[in-house]
Amino acid sequence: MLVEKIKGALRLSAVSPDAARQGLEPGLTLADARARVPAVRAVPALPDADDRLLGELLTDFDRFSPMIALDLPHGLILDVTGCAHLFGGEVGLMQAVQDRLARAGLHHRCALTSTPQAARALARFGLGGILPCGAERPVLRRLPVRALELEERDDLALRRAGLKRLADLDDRPRASLAARFGADFPARLARILGDEDIRITPHRPPPPVYADRLFFDPISLDADVQAVLADLLQETTARLEEARLGGRVFEAIFYRTDGKIRRIGLSVARATRNVSSVARLYRERLAHLDHPLDPGFGFDQIRMVVRQVEALLPLQSSLEDAPDASVRLDELVDQLVARLGPEAVLRFQPHGSHIPERSAGWISGRGTPTPVEPPSDRDPEDPPLRPLHLFNPPQPVETMAEAPDGHPFRFRWRRQVHNVARAEGPERIAGEWWRAPGQKTRDYYRVEDTQGHRFWLFRQGAYGEDSPPRWFIHGLFA
Amino acid sequence: MPLPLSAQISGDSACSRAGTPLGALSTPGVHEFYALSGADAVSTHGFGLGVMLSGRPGAGLVWVVHDLTGMETGRPHGAGLQEMGIQPQDLLLVRARNIATLLGVGEDALRTPGVEAVLLSAWGEDRALNLTAGRRLGLLARSGNKRLFLSRAAAAPRASPAESRWSIQSAASTPLMAGAPGRPAFSATLLRHRRGAPLRTWTMEWDREARSFVEPAPVSGRLAALATQRPAAGPTGLRRTG
């Protein structure tokens, strides 16, 4: 049993079934409980840890149905519409849930009914179990009025009036009950008795399309996993095709026998229903994971989820037509992103900042950069004013023989001396003071050494200041 | 095999007679560019990009850069690419952690129909860059009728099944007014050509507007001296590997 400090006294907050049989109940002080049952074992209640455990269960129970939500306190609620056949019917499903809970070492009570409120009431205030469709009402009517979970005051009023079971209320006109206990009272009653059905709000939005495979013998071989993924993709894409949709974001969920779950997502540049290309991307992705997929003692379930869909009309593909070039390039980008990660596949997008480090951002290879017009005031004969390669951060150089406010005539970089043959500058670039104050102004020079190598040098600071100016190499021209 | 006479002719006498080496680079397959020294790596990249752009629509270009190159020469700079005349939507840049990845990306790109040409920039020697890798890339490139340019820096030219092998060097530019450095200038020496193009050295400049290589402007009465048209350090010993 668990104890918690309530109103200045240590009181029982929850009791085990054994303790309950001995007559202990929540709310009793610890001293009273000890007096009644001396052998009682008290453990401090840890509500945060309870919540965490419940959260883990929530993720794990995703395997039974994607429509799952917390049902506080200490409950989970699953919408298993259309899921039961996967586990051999409702009885099989219930058995699977109970096995899993028992293995986790939890006391539990499960109920399966037509509406979520009825299931909650049956699990918390009844005996649980499966109520067959159509035969639910008599059982639910026998539940105590406490199942309505009214406020203490209303609950007491009902019991004083001699209304002990839901049946007593159900037989009375609703209007007078609503007048006495509030407008939402009939609705509560109707929901529990199955007259009104509302859906649960799932913990995470259910995927538009998904497919599942359960294994009686857990699988762990790579080849098996690949085959299952291809199968699942076949199934999901068939469904996408019916709905004239294409998948943009896929997720494979691997349920390990020990309860660990690994989700591996994959996104593609344009909506697709092509099984072989997505399967190939998954092969790439699985082969190049930072933390390889560890099957442990095997996976007992794999689910393929299409998280994001887009309209994709069926295309008439003719035999002669080569696929559109841009489509194929997108496939390459997807493949490389799956293998190397999004930060390795890039396109450049110039944008308006005069600071060299910021002026040409690299964007994801999936993005579509906008074409840029060259500045109109440039002479076509002009050489490039920005280097092909840029050092970030700039590299310091040692300069020799410089004229104040001019370019150096010689500099040493990477232990090599370069004699400057030609130079142009300075191009003064001030710091972006609105981003960070105190940035020093830089004077940039394009210089070419006697070997024909072209550099972009800058001087930070000016002569006559406290510290002498420093020279850096910022980039290399072709 | 003794070098043909034309290989020994280099510098301005040959340059004034011929245009650009693009003819020798137009065959599908692998073409290797060796930077003469580490400092010429950026020029080699510039040359490779120029070859990919010139005379073609220049869309669907893939540039795969070895991460080590980024450390040695800095990372490719978008504004600089733009100043070469490349449109952002035409170039896909891929960063490769090691040579094996670099080659793998190259193969994937060659297999993709939307890709027109590929430039691989590798730094240093690596066992993965062997005959097998060269032959695989060559087969893929020829079957897809594409060109793959392999830029090598800090590596010595070696035998390979490539279509052609070049040594690239930065050349002194034609100075502008007031002694400012001019347009990018390259000196390219053909070391070996599978179809027997004459081996020689070209010196050329990159013209952004025309998106092509041009001969350096004829020496006018400006500052330029004749000597500046030559590769600044002079060609250093042609190699006879292949």
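A contact, as the word is used here, means heavy atoms within 4.5 Å. In chain B, 76% of the contacts between residues at least 6 apart in sequence join residues at least 24 apart. This is a predicted model, in which local features need pLDDT of at least 70 and side-chain atom pairs count only at pLDDT 80 or more, while totals for chains, interfaces and linings use all residues. Residues are numbered from 1 along each chain as its sequence is written, chains are lettered from A in the order in which they are written, and side-chain values use heavy atoms, with hydrogens and water left out.

Chain B contains seven helices and 10 strands; helices (H or I, at least four residues) and strands (E, at least two) are DSSP runs numbered from the N terminus. Of its 242 residues, 60% are buried, where buried means under 20% relative accessible area, exposed over 50% and partly exposed in between (1.4 Å probe, protein chains only). The accessible surface of chain B is about 8,900 Å², and carbon and sulfur atoms account for 55% of that area; the method is Shrake-Rupley with a 1.4 Å probe.

Two loops of chain B carry a positive phi outside glycine. A154(B), with phi near 55°, sits in the loop between β6 (147–153) and β7 (164–170). Because its relative accessible area is 41%, A154(B) is partly exposed. R211(B), with phi of about 50°, lies in the loop between β9 (201–207) and β10 (212–214). Most residues other than glycine have a negative phi, and most peptide bonds are trans.

Chain A offers two cis peptide bonds. One joins N392(A) and P393(A), with omega about 5°, and P393(A) belongs to strand β14 (residues 389–402). Another runs from G425(A) to P426(A), with omega near -5°, and P426(A) is in strand β16 (residues 416–429).

Helix α4 of chain A (residues 89–103) has 15 residues, and its end C-alpha atoms are 21 Å apart, which agrees with the 21 Å expected at 1.5 Å a residue; the expected span is 1.5 Å times one less than the number of residues. The buried residues of α4(A) are G92(A), L93(A), M94(A), V97(A), R100(A) and L101(A). These buried residues pack against several elements of chain A, including α3 (47–61), β9 (245–256) and β11. After α4(A) comes G105(A), with a positive phi near 75°.

Strand β11 (residues 299–311) of chain A also gives three residues, the largest share, to the lining of the second largest cavity. A cavity is a set of points on a 1 Å grid over the protein atoms alone where a 1.4 Å probe fits but cannot get out, and lining residues have an atom within 4 Å of a point. Volume is the space filled by probe spheres set on the points, which are joined across faces, edges and corners. The structure holds three cavities of 30 Å³ or more. The largest has about 70 Å³ of space. Of its 14 lining residues, the closest to the centre are P384(A), R386(A), F477(A), A478(A) and P184(B). The second largest has about 40 Å³, and its lining includes D62(A), R204(A) and R303(A).

Technical notes. On a 1 Å grid over the protein atoms alone, a cavity is a set of points where a 1.4 Å probe fits but cannot get out, and a pocket is an open set with protein on both sides within 12 Å along at least five of seven lines; lining residues have an atom within 4 Å of a point.
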